[in-house]
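Colleague: I am new to this model and would like a close look at its interior. Please take me through it slowly, with the terms spelled out as you go.

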Amino acid sequence: MSIVTIKDVAARAGVSPKTVSRVINGEDHVRPEIREAVQRVVAELNYRPNAFARSLSSSRSYLLGLFIDDPVSGYAADVQHGALLRCRERSYHLVVEPVDLHQPDWKDHVRNSIASLRLDGAIVAPPICDVAELIDLFREADVPHVLIAPSGEPAGSGAVRMDDRGAAREMTEHLIGLGHRHIALVQGPVSHSASARREEGFRAAMAAAGIAVDERAVVRGDFSFRSGLELGEALLNRADRPSAVFACNDDMALGVLITAMKLGIAVPDALSVAGFDDAASSRAAWPQITTIRQPKAEMAAAAVDILVDPSFRKKDAGSQAPLMLPHALVVRDSSGPWPAA
């Protein structure tokens, strides 16, 4: 099978190779009908631009970097998948760069990556999206960057997020609506700004319903399965154990669920368990875990779209408001009425 070239696309679309290049690179000054015609031919011929040739003919590398602290986590897998698929659609390539803040020379590693890869843009995932020293490295190198779920709105940075506070409130309201009044909260680590927002949502829902929060049942985990096991053990062995446990991610919720099974506590008849993320673990568990679907892959894909948009590369790029993507409450079998019907 012969390789499709940019000249083949231009001939089929009835335009010049330069126009095809402008469409592929997302440049301005192309009429909408021409852009649509070229994109249609690109899809028909399954044309894939040569990354090396593109980089030689322009000042861009067509390479984006995903900077993340734990590249093997379930969260990271969804983010990588979303970014990778969108990069493929936009004829860009993605490189994943782990950032271990516990290493004394982590800044040197990031600087070297930026310098050697000649990145066109960077996506920074939580929790390191809130590390000011890291963000400063991108600014110093003049690398456009988009933060996923940052705590604030750093000047000069693009941002994509979801409403963690609203989502946690919706989950708590779901449990309250089932008749639960003694609801425990398994928080995430302080290093994740989303942890605080999810706790705020939980407390707002409880206050709106006139229900006092049992502060002894508000415990802090680290988003790991093991912390869910350990904290589940402490919560469920109490004489006045809660009727529902809301864990701020699915791995911890799975730990609570396993602990309940170990202690012979029926879910959801004697205990409701809820999580957050809609990770694979929430669907693989039995019973399947009620959770919040966080648009992780969609946020990563949106970050790619922002970075490849020529207008974002202008000096005022960071002045635009963060892009907010919707979440969804996913009700499954781990939550039920209290007292059980």
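Modeller: Let's begin at the surface: the chain exposes about 16100 Å², and carbon and sulfur atoms supply 53% of that area. Such accessible areas come from the Shrake-Rupley method with a 1.4 Å probe, and for residues only the protein chains shown count as cover. Please keep in mind that this is a predicted model, in which local features need pLDDT of at least 70 and side-chain atom pairs count only at pLDDT 80 or more, while totals for chains, interfaces and linings use all residues. Residues are numbered from 1 along each chain as its sequence is written, and side-chain values use heavy atoms, with hydrogens and water left out.

Now the overall frame. The C-alpha trace spans about 75 × 45 × 35 Å along its principal axes. The chain holds 13 helices and 12 strands; these are DSSP runs numbered from the N terminus, with helices being H or I runs of at least four residues and strands E runs of at least two. Of its 341 residues, 50% count as buried, where buried means under 20% relative accessible area, exposed over 50%, and partly exposed in between (1.4 Å probe, protein chains only). Taking contacts (heavy atoms within 4.5 Å) between residues at least 6 apart in sequence, 72% join residues at least 24 apart.

With that in place, we can step inside. In soluble globular proteins, nonpolar side chains tend to be buried together. A nonpolar core here is a set of buried Ala, Val, Leu, Ile, Met, Phe, Trp, Tyr and Cys residues joined through side-chain atoms within 4.5 Å. The largest such core has 40 residues, and those that touch the most other members are Ile 183, Val 186, Val 245, Phe 246 and Leu 271. At least two residues of this core come from each of α8, β6 (183–187), α9 (193–208), β7 (218–220), α10 (225–236), β8 (244–247), α11 (250–262) and β9 (272–274). The largest share, 6 residues, is supplied by α11.

Phe 246 is a good residue to click on. Leaving out residues up to four places away in sequence, its contacts include Ala 168, Met 171, Thr 172 and Leu 175, then Ile 183, Ala 184, Leu 185 and Val 186, and also Phe 202 and Phe 276. Apart from this core lies another one, of 24 residues, among them Leu 94, Met 299, Val 304 and Leu 325.

Polar side chains are found inside too. Asp 164 belongs to helix α8, which covers residues 164–177, and Asp 164 counts as buried because its relative accessibility is 1%. Its side chain makes a polar contact with the side chain of Arg 198 at 2.8 Å. By polar contact I mean a pair of N or O atoms within 3.5 Å; within protein, one must be able to donate a hydrogen and the other to accept it, and residues adjacent in sequence count only if both atoms are side-chain atoms. Beyond four places along the sequence, Asp 164 touches Ala 194, Arg 197, Arg 198 and Phe 276.

Another buried polar residue to visit is His 145, in strand β4 (residues 145–148); because its relative accessible area is 3%, His 145 counts as buried. The His 145 side chain reaches the backbone oxygen of Val 143 at 3.0 Å and makes a polar contact with the side chain of Ser 157 at 2.7 Å. Farther along the sequence than four places, the residues touching His 145 include Ile 135, Gly 158, Leu 307 and Phe 312. Phe 312 sits in the loop between α13 (296–308) and β11 (323–324) and is buried, at 5% relative accessibility. Phe 312 and Gly 158 are 154 residues apart in sequence, yet 8.4 Å apart in space, C-alpha to C-alpha.

Finally, look at some backbone details. In the loop between α11 and β9 you will find Pro 268, joined to Val 267 by a cis peptide bond with omega of about 10 degrees. Asp 277 lies in the loop between β9 and α12 (280–284), and its phi is near 130 degrees, a positive value in a residue other than glycine. Asp 277 is buried as well, with a relative accessible area of 10%.
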